[in-house]
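Thank you all for coming. I would like to walk through one model this morning, taking the meeting of its chains before turning to a single chain, so please have a look at what is on the screen.

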Amino acid sequence: MTFKLLGAASCVAIIASSAAFADGHAKPEAEVLHYWTSGGEAKSVAVLQEEFAAGGGTWTDMPVAGGGGDAAGTALRARVLAGNAPTAAQIKGPAIQEWYEEGVLADISAVAEANNWSELLPEAIAGHMKCEDTWCAAPVNVHRVDWIWANAEVLSANGIEMPTTWDEFNAAADKLQAAGVIPLAHGGQAWQDATVFEAVALGILGADGFRKAFVDLDMDTIKSDEMVAVFDQMRKMRGYVDSNFSGRDWNLATAMVMNGEAAFQIMGDWAKGEFMAAGKVPGEDFLCLSTPGEGFLYNVDSFAMFEVEGDDKQAGQALLAELVVGASFQEVFNLNKGSIPVRTDVALDNFDSCATLSSDDMAASNEGGSLLPSYAHGMALRGAQAGAITDTVTAHFNSDMSSADAVAMLADAIANSM
Amino acid sequence: MTKWLEEHMPKLVLAPSFIIVLIFVYGFIGWTAWVSLTRSRLLPKYEIDGFIQYDRLFSSPRWETAFSNLFVFGFLFIVIAMILGLTLAILLDQNIRTEGAIRTIYLYPMALSMIVTGTAWKWILNPGLGLEATVRGWGFENFTFNWLVDPDMAIYTVVIAAIWQSSGFVMALFLAGLRSVDQEIIRAAQIDGIPTWRVYTAIIIPAMAPIFLSAFIVLSHLAIKSFDLVIALTGGGPGYATDLPATYMYTMAFSRGDIGQAASSAMIMMMVVFAIVVPYLYSELRVKDD
């Protein structure tokens, strides 16, 4: 009885403290525009909604499906142009700053400072959440992009270890090809080509080279011989893909690895969700390792807060920001989503071995300065520049263009996108 | 008062739709033209900055592909759909018994949306699932039909699917045209002992010139605005080999936050439409003046 009472009392205390945050009496209210609509994602959002309601808030859900966020972006643009911005919207990477420059984002520094975000978040990731000196977005999760997934049985049957250099990868792929296995499962969609490309680029250019090329757009690095080598490796990768790859969805490629048709796939850690859903065990049925080379390419989902009128909505923003970065939500959400918490202090006891590896690598690369934004997933560059690079990558991958021509085309495309 | 009403009634009744068209068609064309001269990115901006977006557009290799695809696709689609439609119409015109049923069968693809057509043909043409796999399954191990995944040939798969969708409709247009040709002339020709093929080439087809023009206009606007078929069939791929101006514009406006670039490509598309429609309008209006 006493325990129950205590429990109830502490619940009330939590609610009271959250509400107190929200400036006195205003009842927190939030309209949240997001594109988490598929099974696992929708479940993850439901967690946030419950926590928001438990904090005394009213949540208005505005999910917009389709186009990997394109449709949500269009809806958001229409809302902002009509002067009726949502309280918060799922936006990531440099798009946050792009929206800030339009003068429509709100300042949530009070919440960030009260909750000590600058200590909790890796510095590189915190940088994305800041607009000039203020905090304007709250990070939700960290997806690692530079993963290589493998079918354990196929590898052991062919006497192959997980490759740690691209030369090893090529040797393994040649061996698999000779044995009649498709070395690399891949879907011929532009963003998938770009995902493989950036993993290769990170391995060959190194962390500094990657930053110069795809964050700073340094033309010397872009036109360098190393970049030619990156395209050479891409040409090799093209040879390791089956002939029917065009237009294939990424999860079908994952299925090819699962059923042993193919050996490897280079894809972000959302691929893990597919393995898990099929009841496969990491380390036994399938293997995960970072792609050859030093570094960690992250894809961080976040909520940007928009300038809104009214205490209730501003209270909603504060509550939402506090909850999103809160330890309990970070754990539950990321378990559902297959990503890892963005906070460095969340215990990973319930997470699988791939997630633990991801988290360890994130901490290590944060120390070593090789924690880098993924260009292919819109974290490193704005849409026009990232799109220009992807156009070149996919044009090279789907033709017999020479590496030198590809590098020249890449430089032109980037210059033309400015 | 009644007299005034009588005089002005047509104008009053037409005014609302006139105003709506003025704003929502020509007003927005003007808006797009304006934005195409600015450096608009994520949201539209209104400071004019010259023809920078058109410079960017014409130095983009992706636009080059999209624009030349429009002509490859448009030309083949219009010509083949017209030839096929005319042939089907002439064959159906031979007083065959089950004409009604056959006509419905040929017209039926028109009842499907381009998305359905695109998805169905994606499976049919997929080398691992469709035609190629089936024929190989019959024992012809060397049979290859991989146009869908070949960047140089993929645009022709779009042509195939579009023709399949539209030639039945063109057939219906031509069939109506064939029936409207004066039967007396045809009978007279037959009495004179002129062979049937000569009747068609010398009398019926020349008499159908207006139908050709209508079919051409309908097909060419279908070709220029083609979007959903490409999205469903190839997704613009492999790479961007099957991009068309409409898909280019969509990508720029909605995926890349590059509204200025999208607006300039939209203006070029409109100019292509004008290049076709203006001569048509001119010829139509001139005929009425005679």
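Where the two chains meet in this predicted model, 25 residues of chain B are in contact with 26 residues of chain A. On the chain B side of that meeting, the elements that contribute two or more residues are helix 3, which covers 61-92, and helix 12, which covers 245-255. If we sort the residues on this side of chain B by character, we find 11 that are nonpolar, 10 that are polar and four that are charged.

Let me now turn to chain A by itself, which is built with 19 helices and 12 strands. Its radius of gyration is 22 Å, close to the 22 Å that the globule rule gives for 418 residues, and so chain A is as compact as a globular protein of that length. Along the principal axes, its C-alpha atoms fill a box of roughly 70 × 55 × 35 Å. Of the 418 residues in chain A, 52% count as buried, and among its contacts with a separation of 6 or more, 79% join residues that are 24 or more positions apart.

How confident is the predictor in chain A, and where is that confidence lowest? The mean pLDDT of the chain is 88, with 94% of its residues reaching 70 or more. Confidence is lowest in helix 1 of chain A, residues 2-21, where the mean is 44, and highest in strand 8 of chain A, residues 182-184, at 95. Over residues 1-24 of chain A the pLDDT is below 50, although this stretch has 17 contacts in the model beyond near neighbours in sequence.

Technical notes: Residues numbered from 1 in each chain as written. Chains lettered and ligands numbered in written order. Predicted model: local features only at pLDDT ≥ 70, side-chain atom pairs only at ≥ 80, totals over all residues. Contact = placed C-beta atoms within 7 Å. Helix = DSSP H or I, 4+ residues; strand = E, 2+ residues; numbered from the N terminus. Nonpolar A, V, L, I, M, F, W, Y, C, P; charged D, E, K, R; others polar. Rg over C-alpha atoms; globule rule 2.2 N^0.38 Å. Buried ≥ 20, exposed ≤ 12 C-beta atoms within 10 Å, placed from the backbone. pLDDT = per-residue confidence, 0-100.
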